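User: Could you walk me through this model and show how each label is earned? I like to see the value beside the cut-off.

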Amino acid sequence: MTVQKAIDKFVEKTGAKVASYLDACVRCGLCAQACQYHEATGDPRHAPVMKFQPLQQAYQASKDPLSPLWRMIGRAPKKVTEEELSDWQDLIYDSCSMCGRCTLACPMGIDIASLVWVMREGMSEVGLVPPEITKMAHAARDTGSPIGVTAKKLRKILDDVEKKYDVKMHLDKPHAEVLLLDSSLDYEAYQPTLAAMAKILDRLGIDWSFSSKGYEASNLGLFSGEESIARTMVERITEAAEDMGAKTVLAPECGHGYGSIRWEAPNLLGRELPFEVLHIVEFLARMHKEGRLKLKPESRALTYHDPCKLGRRGGVFEEPREMMRDLVTDYREMKPGGVTNWCCGGGGGVVVIESARKLQLESFKIKMDQVEKTGAEGVVMSCAFCHMTFDKSSEHFKWDKKIEDMVQMVERQMID
Amino acid sequence: MGFVGFVEGPLFYIAAAIFALAAAWRVFGLIRMGRKPDISPPKGSATAGFIKGNLRHFLPRGMFARRTWIHIVGGYAFHLGLFVLFFFGAFHIDFIKQYLGISWTPLPRWGFILASEIAFAGLIVLWVRRFSDPVMRLISDRDDHIGTWLTFLVMLTGCLALQQSHEVLRGIHMLFVDIWLIYFPFSRLMHAFTFVLSRGHTGATYGRKGMNP
């Protein structure tokens, strides 16, 4: 391993924003209490402030405005070593979902998640990405999907869904106004959600289609730290939308997939995009507001889990609540909820990392406790990654709460 | 030139110059690094977010304050106490008037003493947490302790000089002030300036996303 490559990446990615974070940290440790992994284990190593120490070390050694002085007087921090970086792998991948909750507790307002992203970029330069994430990120780059859903396979999946759920799955429809994306999790594991999206759009009279050129919303490059993969993924979607002439790109129930195409894509590609990007729930809430989507509420008590990448990192809070209030007669808010909601513990790729399994399950106890305290019979979400984390964890704990996808509920309760 | 004349004269000028130049170098160095403009279509204002982010983080969220209330109370006590005693202590106002020609109404003596006690209590709480809290113990380094102790000594010698019974006590206070000024821009004490940038960057990012957490 050439540790210098990681250090070079740390330095390259440290601009005014990252540097101001690294400079402002007073090591008060108040971020610890906001982190589910720290709270679940009580291990001080899991405090968010620990996670960016190698980055801070590299910054102070070579990019800090005072670093020439430190070098001149022989007081420059020692170079980050190969061993240190290896030791940090679990802190950067296993015990950080980049949920951003720690920022809310930080008196300096440091966005530690963005520092972890820079750390991941450096780690990926020297092959320190957990093998599960590497495998999926590279599969996404090479096949179009992290689990190998190629364009050819997509056609077959859509055909199967058409037959099984009695819905038309449009693919490569010329000049469709809306390009619909989905994540491989839905293509393979949560096909009822895939079918539900298609049914809703058809019933609303939307001119929509999937594209075999760009159909994968998830972006594992944003988990591994490989910016080139992240760029490739959004490039495919962008080109697909432009070829189609789509006015809108609809991101599915995938928190980071939404952030990837909504907030990251223009910056990764270095240009503005000629279409609007909406999360499916944002779109449904808009239809609801315009009176085009009417719902029949169910007499149930349910709560809503804010996916971190959609809420805290994406800015979508009100729309899902607006839907929930019309989907059930007894909507119950989690405490804390909204922007301070606890992460499910599986985001940022954590749920697929085998070595993180125990920690993820421990952190999920916080989530279970939150849901239990609402007294609701189940929890609704709008992120397939969260859904997978809930499913896997519920199975482990034999937890009996209903886990629902918002899109499926909308499809079920739509009034024509 | 005697000891007091030296620490209030040449050494103070040197210390103040180092403080101003190095602090400015560091802040402008941070700003000069630049950042790529965010070209994703905004849902809200980055500028408003910058301001809101700065204001919002002055107040802790209740849920985070519950368990670490002692740290938060200590932090407020120290920072507010220090602000009051520095800007409203009669001797400090006289000192500032001597150099800048401006002055304002000072606190009465009892107010100064109260502010000092509050600041001392806060600083001690923060320092004790450096080794009593497992996270702070793990992440604290020499700089954190030096910064705390220097600030403590500046405040302590300031109180000793309050009676003005011996000129040399004021000289000792000024000596520590000079050392503190020289140390400040090379340490984490710089957070007194850089917090604006840090909170601002986060606030601007959130502001563009149409929220202000």
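Analyst: Happy to! Let's start with spacing inside one chain of this predicted model: the centres of domain 1 of chain A and domain 2 of chain A, taken over C-alpha atoms, are 32 Å apart. The contact there draws seven residues from domain 1 of chain A and eight residues from domain 2 of chain A.

User: Where do the bounds of domain 1 and domain 2 of chain A fall?

Analyst: The domain assignment puts domain 1 at 3–128 and domain 2 at 132–286, with domain 3 at 291–415. Between domain 1 and domain 2 of chain A, about 560 Å² is buried, and carbon and sulfur atoms give 53% of that.

User: What makes Glu227(A) and Lys13(A) a salt bridge?

Analyst: Their closest N and O atoms are 2.6 Å apart. The cut-off is 4 Å between a side-chain nitrogen of Lys or Arg and a carboxyl oxygen of Asp or Glu, so the pair qualifies. The interface of domain 1 and domain 2 of chain A has one salt bridge. Helix 9 (residues 112–125) of chain A gives the most to the domain 1 side, with four residues.

User: Why is His279(A) called buried?

Analyst: Its relative accessible area is 0%, and buried means under 20%, so the label fits. His279(A) lies in strand 4 (residues 276–279) of chain A. Leaving aside neighbours within four places in sequence, its contacts include Leu250(A), Cys254(A), Tyr258(A) and Leu310(A).

User: How do you know that the side chain of His279(A) makes a polar contact with the backbone oxygen of Pro252(A)?

Analyst: The side chain of His279(A) reaches that oxygen at 3.0 Å, and the limit for a polar contact is 3.5 Å, so the distance passes. The backbone oxygen of Ser382(A), 3.4 Å from a polar atom of the His279(A) side chain, is within that limit too.

User: Now the two chains: what makes Lys43(B) and Glu282(A) a salt bridge?

Analyst: The same kind of check works. Their N to O distance is 3.6 Å, which is within 4 Å, so this pair is a salt bridge. The count between chain A and chain B is four salt bridges, along with 21 residue pairs in polar contact, both residues at pLDDT 80 or more. On the side of chain A that touches chain B, helix 2 of chain A supplies the largest share, seven residues.

User: How many residues does each chain bring to the contact?

Analyst: Chain A brings 62 residues and chain B brings 51. Together they bury about 4700 Å², 61% of it on carbon and sulfur atoms. The chain A side divides into 32 nonpolar, 15 polar and 15 charged residues.

Terms used: Residues are numbered from 1 along each chain as its sequence is written. Chains are lettered from A and ligands numbered from 1 in the order in which they are written. This is a predicted model: local features need pLDDT of at least 70, side-chain atom pairs count only at pLDDT 80 or more; totals for chains, interfaces and linings use all residues. Side-chain values use heavy atoms; hydrogens and water are left out. Contact means heavy atoms within 4.5 Å. Buried area is the accessible area (1.4 Å probe) that two parts lose on being put together, summed over both. A polar contact is a pair of N or O atoms within 3.5 Å; within protein, one must be able to donate a hydrogen and the other to accept it, and residues adjacent in sequence count only if both atoms are side-chain atoms. Helices (H or I, at least four residues) and strands (E, at least two) are DSSP runs, numbered from the N terminus. Ala, Val, Leu, Ile, Met, Phe, Trp, Tyr, Cys and Pro count as nonpolar, Asp, Glu, Lys and Arg as charged, and the others, Gly among them, as polar. Buried means under 20% relative accessible area, exposed over 50%, partly exposed in between (1.4 Å probe, protein chains only). Domain bounds come from an automatic or database domain assignment.
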